[in-house]
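Visitor: I am new to this structure. Please show it to me, and allow me to ask how its descriptions are justified.

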Amino acid sequence: MKSIEILRTEYLTKIKEASSDAELEEVRILAMGKKGEITLKLRQLGQMDLQQRKDIAPLLNALKNEINQAIANKREALVEEELDAQIRKEWLDITLPGRSRRIGSIHPVNQTIDQAVAIFSAMGFSYAEGPQIETDWHNFDALNMPPEHPARQEHDTFFIKPKDTDNGQPNVLRTHTSPVQIRSMTENGVPIRVIAPGRVYRCDYDQTHTPMFHQIEGLAIDTDLTMANLKWVLEEFCRAFFEIDNVELRFRASHFPFTEPSAEVDIKCSWGDGQLKIGEGNDWLEILGCGMVHPNVLNASGVDLDKYQGFAFGMGLDRIAMLKYGIPDLRAFFESDIRWLRHYGFSPVDTPALHSGLSL
Ligand code: DAH
């Protein structure tokens with residue numbers, strides 16, 4: 001039979017060398033199990049005479065305790081080791097920059113629309129929409145352009161064959177967003193403050209014209225509105241949109257059938273090293289048309305002329321997007337070239353809002 005000392009060395013070594021919980025359990029059974037070596041030794045105590053028992057029992061008990069303790073310690077160490085290994089395996093450096101996953105990007109025109117909506121809604125304008133296939137009446141007649149009006153020629157209109165239900169009246173692809181003025185006033189009445197961004201169509205194509213482009217219409221009707229209110233709204237808009245304080249606008253007398261008086265508005269800019277800068281220099285770029293809404297337009301929309309008047313404006317959205325982001329060719333806007341979109345597009349989470357800064 002092995003001596004206590006040999007058992008001790010043997011088992012302590014085995015415990016030390018156990019590399020997993022299962023191995024450790026095997027060692028424990030070998031020593032302390034029902035038929036374990038130390039268990040058997042303890043059982044033999046009963047057959048010893050008193051003196052022998054007195055000599056050996058404390059030694060055996062001490063051995064049993066020491067082995068039990070060693071097993072418990074080793075078990076704890078194994079758990080810790082396992083945890084360490086797991087942590088090492090699942091290690092993550094949270095200070096590394098995030099890996100961006102592209103989930104498409106927002107087209108500069110849509111980003112511009114979102115920005116314009118954010119700015120005008122802060123000034124109390126609601127969002128309105130109208131159909132892109134519009135009646136000839138909404139697109140022209142109601143806007144003070146009867147059939148014989150010369151201004152109709154300038155619109156390079158796409159006409160659409162009338163349906164049986166159209167009473168022989170042609171439909172058109174709307175040539176501007178101004179018909180939304182009529183629809184908003186007829187549907188909601190006055191006083192009113194709306195903006196209407198959207199697609200418009202004209203038969204024209206070169207570096208600065210595409211058959212489809214975008215406008216944003218603005219309309220404000222109330223009992224006490226003047227051209228001064230119009231100027232303030234447009235200046236405020238440009239300041240917020242171009243994100244500079246010193247915008248300068250120039251109102252040039254002009255003519256539109258649906259406004260009287262009418263003006264075209266230019267924004268001050270400079271062309272230095274082929275780079276366009278808004279708010280400085282000596283050049284002017286036209287960005288919109290506007291004026292006080294013509295009485296015939298109010299009439300066509302059922303508005304009480306004695307009580308109400310107001311202003312309207314129409315702005316080229318593609319053009320202000322080109323100005324803000326330095327995009328030289330309008331045609332590229334609509335070619336769906338993925339490289340162009342990646343370069344000029346915006347992150348879908350970069351939602352424009354005045355409180356967080358228009359562009360992040
Ligand atoms: N509808 C005009 C166009 O497409 C733009 C415009 C000019 C709109 C003056 C307006 C306005 O509301 O008041 O050329």
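Visitor: What makes cysteine 290 count as buried?

Guide: Cysteine 290 has 2% relative accessibility. Buried means under 20% relative accessible area, exposed over 50%, and partly exposed in between, with a 1.4 Å probe and protein chains only; cysteine 290 therefore counts as buried. Cysteine 269, at a relative accessible area of 0%, is likewise buried. This is a predicted model, in which local features need pLDDT of at least 70 and side-chain atom pairs count only at pLDDT 80 or more, while totals for chains, interfaces and linings use all residues. Residues are numbered from 1 along each chain as its sequence is written, and side-chain values use heavy atoms, leaving out hydrogens and water.

Visitor: Why is the sulfur of cysteine 290 too far from the closest cysteine sulfur for a bond?

Guide: A disulfide is a pair of cysteine sulfur atoms within 2.5 Å. The closest cysteine sulfur, in cysteine 238, is 11 Å from that of cysteine 290, so the two are too far apart for a bond. Cysteine 269 is in no disulfide either, as its nearest cysteine sulfur, again that of cysteine 238, is 12 Å away. By this rule, the count of disulfides is zero.

Visitor: What makes a set of residues a nonpolar core?

Guide: Its members are buried Ala, Val, Leu, Ile, Met, Phe, Trp, Tyr and Cys residues, joined through side-chain atoms within 4.5 Å. The largest such core has 45 residues, and Phe120, Phe237, Ile267, Phe311 and Phe313 have the most contacts inside it. Apart from it lies another core of 22 residues, including Met145 and Val297.
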